[in-house]
Amino acid sequence: MNRVFDYNGAAVSHSKPVKQLKTVKKMLVVDSGDRDVQKYPYNGDFVVYLPRVYENVVSIRLAGAEFPESPKIRSEAPGGSAAATGILYYIIDIEGLNKMDECSVGSDRSGYPDGMFAKIPVEDNTKIVLYNDHSNPENIAHYTPAIGKLDRMHIRTRLHSHKQSGDYIYWDASGSSTIRNQISLTFEIEMLDNVFDDFSSFESRIAERG
C-alpha cells in the first residue's frame, strides 16, 4: 500500500497493515485409499501422510465421514477375520490426537483417558453409514498447548470392545469395487497463525484503528 490520499488538497497518510495472532481453519479429506496398501493392507488400521505440514494446531474437528456397508473384524486371535454384526457405533482412534475419555469393558480397570478421537452412531451396519456433525453429535478435540507440527495420521476404526485387544474393523473389496469399500473422513483443522488483520488490504486515509 503505497498510494497517497488527497484530502482537501492536502496529502494524508494511509492505513498501515497490522499483524495479529489469529486462528485459521483448513479442511482436510482423508481417504483410506490414500494409504500405502503394501504396508497397510487393511483399511481399518493405516497411516496416511498429509498434503502439508499443519503447524500450531489448536483443534481438530471431524466434520463428516462415510463408511461402506458390512464391516469385518480383524483379529490376531485364531480365526482371523469375521463379519461384524449388531454394531451400535464405530470408534475412531487417531494416535496421539485422541481427546475423548473411554471407560473399560467389564470394569476391569478405571478406564482410558484420551482413549478415542470420535464416536460414530450406526443405525444399520449392513448399509452405508454417513456421518455429519450438523445432524449427529460433534467430535472435536482441543489441544493445549498447540501441536507444533502435524504431518501424518495413524487411524484405526474399531469397536468399544477392541480397545484392550487391539482388534479393529475394516471393509474389504469382495463383491464390489475397491473404491466403494474405502472409508473417507473430513476434518476441520484449526491453527494459530500470524496474519494481517481484516482491514490491512483496505487502503484508507485513516492511519490507526481501534
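1. Contact, as the word is used in this note, means heavy atoms within 4.5 Å. The structure discussed here is a predicted model, and every value below should be read with that in mind. With this meaning of contact, and leaving aside neighbours within four places in sequence, His 162 is in contact with Ile 73, Arg 156, Asp 167, Tyr 168 and Ile 169. His 162 belongs to helix α1, which covers residues 162-165, and it is buried, its relative accessible area being 4%.

2. One of the contacts of His 162, Ile 73, leads to a small piece of sheet. Three strands, in the order β6-β5-β13, form an open sheet whose pairing is antiparallel. Because β6 (82-83) and β13 stand at the edges and each has a single partner strand, one side of each is left without a neighbour in the sheet. Strand β5 (residues 72-74) is joined to β6 by 2 bridges, and the bridge partner of Ile 73 in β6 is Ala 82.

3. Turning to the interior, the largest nonpolar core has 39 residues, and those with the most contacts inside it are Phe 67, Tyr 90, Phe 117, Met 153 and Phe 187. Strands that each supply at least two residues of this core include β3 (19-31), β7 (89-94), β12 (140-158) and β14 (184-196), while the largest share, 10 residues, comes from β4. For Phe 187, if neighbours within four places in sequence are left aside, the contacts include Lys 26, Met 27, Leu 28, Val 30, Ile 60 and Leu 62, and also Phe 117 and Met 153.

4. Where does Ala 141 lie? Ala 141 is placed in strand β12, and with a relative accessible area of 2% it counts as buried, because the limit for that word is under 20%. Although Ala 141 and Ser 59 are 82 residues apart in sequence, their C-alpha atoms are 5.4 Å apart in space. Ser 59 is also among the residues that Ala 141 touches, together with Val 58, Ile 60, Leu 97, Lys 99 and Phe 117, when residues up to four places away in sequence are not counted.

5. A loop residue can be buried as well, as Asn 125 shows: its place is in the loop between β10 and β11, and at 8% relative accessibility it counts as buried. Not counting residues up to four places away in sequence, Asn 125 touches Glu 69, Ser 70, Pro 71, Ala 84, Thr 85, Gly 86, Ile 87 and Tyr 90.

6. A search of the whole structure finds 5 aromatic pairs. In one of them, the rings of Tyr 42 and Tyr 170 have their centres 4.9 Å apart and their planes at 70°, so the pair is edge-to-face. This pair links distant parts of the chain, since Tyr 42 is in the loop between β3 and β4 whereas Tyr 170 is in strand β13 (residues 168-170), 128 residues apart. Tyr 42 counts as partly exposed, at 24% relative accessibility, but Tyr 170 counts as buried, at 6%. Elsewhere, ring pairs link Phe 67, Tyr 90 and Trp 171 into a cluster.

7. Finally, two lysines deserve a look beside aromatic rings. Lys 119 lies over the face of Tyr 89, at 4.5 Å from the ring centre, and the charged end of Lys 163 sits over the ring of Tyr 112, 5.6 Å from its centre.

Technical notes. Residues numbered from 1 in each chain as written. Predicted model: local features only at pLDDT ≥ 70, side-chain atom pairs only at ≥ 80, totals over all residues. Heavy atoms only, no water. Core = buried A, V, L, I, M, F, W, Y, C linked by side-chain atoms within 4.5 Å. Buried < 20%, exposed > 50% of the residue type's maximum accessible area, 1.4 Å probe, protein only. Helix = DSSP H or I, 4+ residues; strand = E, 2+ residues; numbered from the N terminus. Phe/Tyr/Trp six-rings, centres within 6.5 Å; stacked < 30°, edge-to-face > 60°. Lys NZ or Arg CZ within 6 Å of the ring centre and 35° of its normal. Pairing = 2+ DSSP bridges.
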